[in-house]
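Let's take a friendly walk through this structure, going from the overall layout to a few local details. Please keep the view at hand as you read.

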Amino acid sequence: MSLEDFRHEPDTIGIRLDSQGWASVDELIRALERVARTAGASKRLRRLPVVTRDVILAVVAASDKQRFSLSLDGKRIRAAQGHSIEVDLGYAELEPPTVLYHGTAWSNWASISTAGLTPQSRHAVHLSTDADTATRVGARHGRPLVLVVDAARMHADGYTFSLSNNGVWLTKAVPAIYLAQLLQREHGSES
Ligand code: HQG
């Protein structure tokens, strides 16, 4: 269990997210302490330093992807995107850039080339504005394959997009006709 897991399984540490995905920082601190100090806690959890507000703020600030947002009054925290539970993050619909990128593994291509991109266990398909980010995302799953999404044509055809606080473009699904493989030389990949 890490701080980022609370967007997937908040119940496992006994906290509830509101309908917009917010958790109380104080409640989160209490819940993490409770879980870390129980008899059955994993070694990793037992080694957790005492969780204070400063620790939470440091995690938020250090997140490579600015994965978390704090409410303006600093009392609530939520993940910017990537939930697997039902939340309404309230991001406005926006016109996307002409082209967006999605990183996946080559092993998914046979399925994606017919079914298109679907959200799997998340709320939305995640898209990046640059191929390097997509390559990193894809490499989490295997040998990376970067797909180019014809976002301008999707938008013209009535598909909607939104942009998370941390710069991830989100859309419900991408039918295969809007997808093309990025030629590797275009983004300098050696693999
Ligand atoms: C694939 C991380 C077969 C999809 C990252 C992906 C990202 C299909 C996998 C964020 C498919 C789902 C999201 C189809 C989609 N057939 N495979 N029809 N449609 N897929 O992890 O985009 O660290 O749920 O290509 O940085 O990899 O969590 O999504 O390979 O922004 O904040 O199914 O997760 O951010 O995998 O990653 P994921 P993702 P966080």
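What covers the buried residues of H5? In this predicted model, the cover includes strand S4 (100-105) and strand S6 (144-149).

First, a step back to the whole chain. The domain assignment splits it into domain 1 (3-79) and domain 2 (100-187). Between the C-alpha centres of domain 1 and domain 2 there are 29 Å.

Now back to helix H5, which spans residues 131-139 and has Ala131, Ala134, Thr135 and Gly138 as its buried residues. These residues sit on the same side of H5 because they cover an arc of only 105° around the axis. As background, residues three or four places apart point the same way, because an α-helix has 3.6 residues a turn.

Strand S4 holds His102. Is His102 buried or exposed? With 13% relative accessibility, His102 counts as buried, because the cut-off is under 20%. Beyond its neighbours within four places in sequence, His102 is in contact with several residues, including Ala134, Leu117, Val125 and Leu127. Leu145, Val146 and Leu147 are also among the contacts of His102, as is His126.

Two polar contacts are worth a look in the viewer:

| Side-chain atom | Backbone atom | Distance |
|---|---|---|
| polar atom of His102 | oxygen of His126 | 2.9 Å |
| oxygen of Asp130 | nitrogen of Asp132 | within 3.4 Å |

The Asp130 contact is found at the start of H5, while the His102 contact involves a residue placed in strand S4.

Conventions
Residues are numbered from 1 along each chain as its sequence is written. This is a predicted model: local features need pLDDT of at least 70, side-chain atom pairs count only at pLDDT 80 or more; totals for chains, interfaces and linings use all residues. Side-chain values use heavy atoms; hydrogens and water are left out. Domain bounds come from an automatic or database domain assignment. Buried means under 20% relative accessible area, exposed over 50%, partly exposed in between (1.4 Å probe, protein chains only). Helices (H or I, at least four residues) and strands (E, at least two) are DSSP runs, numbered from the N terminus. The arc is that of the directions from the helix axis to the C-beta atoms. Contact means heavy atoms within 4.5 Å. A polar contact is a pair of N or O atoms within 3.5 Å; within protein, one must be able to donate a hydrogen and the other to accept it, and residues adjacent in sequence count only if both atoms are side-chain atoms.
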